[in-house]
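Could you walk me through this model in my viewer, stop by stop? I'd like to know what to select next and what is there.

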Amino acid sequence: MTFTAMIIDDEKTVRQGLEQLIDWEKAGYHLGTSGKDGRDGLNNLLRENPDLVLVDIKMPGLSGLEVIKEARSQGFAGHFLILTGFSEFEYAKAAISMGVDGYLLKPIDEEELLEYVGRIRTKLEDAAAMDCYHSQNEDKARQELLRRVVLGEGNREELKHDIARYHLTLDGDIFCAAVCREDDPETDKESGTLYEMVKCLIDGDNACIGTFSIDDQVVLVGRSIEYSRWRERLKKRNRRVEAYFGKGLKIAVGNNVKRWQELFCSYESARYLMEQVFIFDQEDVLTIDLICGMEENRENVTTEWMEMLVEVGETEGIRKAMGMIRDYCTWNLLKESQIKLLLIQDLVQLKMRLGQKYPGLSADGEDFKEVLKRLMAAEDMKSLLERYGGALVALSQKIGAGGGGSIIRRVYYYMEKNYGKDLKLETIAKTFNYNSAYLGKLFRKEMGETFNNALDKIRIDNAKRLLQETDLKVYQVSEMVGYGNIDYFYMKFKKYVGISPKEYRKG
């Protein structure tokens, strides 16, 4: 590969000497028209656009520094070598700050000149190879440039230069980035690759000015459109993708920024949203509005309450608990690994607690391990909660299959947890799908006393605790333990304790 070199010097002997000092053709250069002075040299330079220019510092008309400055201002991007005498060394140092590759002290040394032109030829060859690569891979080059812009990689001036070079349209008042991935990445990919799905998504969308791939995702760059409007547009287009490929894309759209230099902020916003895709499994296009619009829900379901639901067999309560867990995880933006670990820990703890009460539950160790594996393998929040809720219902059914003694223990546990409510045997019998008369006989046989007597004892025991540990008024304690009538409470308390509530508190 041959490049063009040019010599600008007002001394003819210097020009001729440089032309003959080295074998320019062997060095990889063709010598262009020389410049007799600064003005003549500048005209030749702008006309022939050489790759390398050797220019003297002091010349009539225009100095070497003025030639370099004017050439640069008119877009000349070639290389410069300064020719200078020892007394002009300070000028040479100033020229280096203007993008000059080096300086040669007169008289010129052959080896030094060869070293310089060889080094510059290497740079020119590298640049030419890069130009060739980019010309053959224009789309890839634009994608790589867009990736550098969005990820904030590289010097800003370099980015501006490359943006102009590749005609990347980044003029506009607002920008935003979006991240796409397959909705179900584990399914058979023969129906279409991610790249093909994204092409279908953005086909004809003038808001999207470019894309690039990163890991297993594709990043879209939008211009001159509010993120909320782009979300709705992408949501409609995703229906087309789903119809064509049999599955859709998961898309996270970042917030708007005012300049292309801030696109990294929008991309980080979209990337963060994509990390929350597990909990937002019911949405196919995510924006920050999903998080900002959430209602506060900081409390999770306690293990004790879940234990009560399982023991009682309250399937509807378990279903509602799954909704509370979803709300809690969503509000706290828990990651997939955090959610799975939380539910597995709770399930193991619940299994241990119930195993102490119902020894038969300890015999299904292998089945329980399989349940835990299925929880870890869940691909979204919906399937995870379905499997978790199903495991709880299965535990409840095993407890319920333990015979009459087991059902009475469940009823008694329910009474202990709900003594403050208006409990009646008929209501509880319906909850446990039993005939009330049969359940009453079963309760008396198992516990040695009637349902009402057992309930009174639970309530009075808790009333004694509240009288000892709190400053609540007696009527407040009465209401809290399930007695709406204060006189009835006094009567029951004296029957089981032997003294009145006030006397008990004084004692």
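**A loop to start with**

Select the loop that runs between α3 (38–48) and β3 (52–56), and you will find Asn49 in it. Asn49 is not a glycine, yet its phi is positive, near 50 degrees. Keep in mind throughout that this is a predicted model.

**The whole chain**

Now zoom out and show the protein chain as a cartoon. It holds 24 helices and ten strands. Turn the C-alpha trace along its principal axes, and the spans come to about 130 × 60 × 40 Å. The radius of gyration of the protein chain is 41 Å, whereas a compact globule of 507 residues would have one near 23 Å. Colour by burial next: 46% of the 507 residues count as buried. If you like contact maps, consider the contacts with a separation of 6 or more: 67% of them come from residues 24 or more positions apart.

**A cis peptide bond**

Next, select Lys106 and Pro107 and show them as sticks. The peptide bond that joins them is cis, with omega at about -5 degrees. Pro107 sits in the loop that links β5 (102–105) to α6 (110–136).

**Two helices side by side**

Move on to helix α13 (residues 303–312) and helix α14 (residues 315–331). How do these two lie against each other? Their axes come within 9 Å and cross at roughly 155 degrees. Angles over 145 degrees count as roughly antiparallel, and α13 and α14 are therefore roughly antiparallel to each other. The crossing in which α13 passes α14 is left-handed.

Show side chains here to see which residues meet. From α13, pick Trp305, Met306, Leu309 and Val310; in α14 they meet Gly317, Ile318, Ala321, Met322, Met324 and Ile325. Sorted by class, this contact of α13 with α14 has nine nonpolar residues, one polar residue and no charged ones.

**Just past α14**

For the last stop, follow the chain from α14 into the loop that leads to α15 (336–357), and select Leu333 there. Leu333 has a positive phi of about 50 degrees, although it is not a glycine. Is Leu333 buried or exposed? Its relative accessible area is 18%. Buried means under 20%, so Leu333 counts as buried.

Notes: Residues numbered from 1 in each chain as written. Predicted model: local features only at pLDDT ≥ 70, side-chain atom pairs only at ≥ 80, totals over all residues. Heavy atoms only, no water. Axes fitted to C-alpha atoms, helices over the stretch in contact; angles between N-to-C directions. Helix = DSSP H or I, 4+ residues; strand = E, 2+ residues; numbered from the N terminus. Parallel < 35°, antiparallel > 145°, perpendicular 65-115°, else oblique. Left-handed = near helix turned anticlockwise from the far one by under 90°. Contact = heavy atoms within 4.5 Å. Nonpolar A, V, L, I, M, F, W, Y, C, P; charged D, E, K, R; others polar. Rg over C-alpha atoms; globule rule 2.2 N^0.38 Å. Buried < 20%, exposed > 50% of the residue type's maximum accessible area, 1.4 Å probe, protein only.
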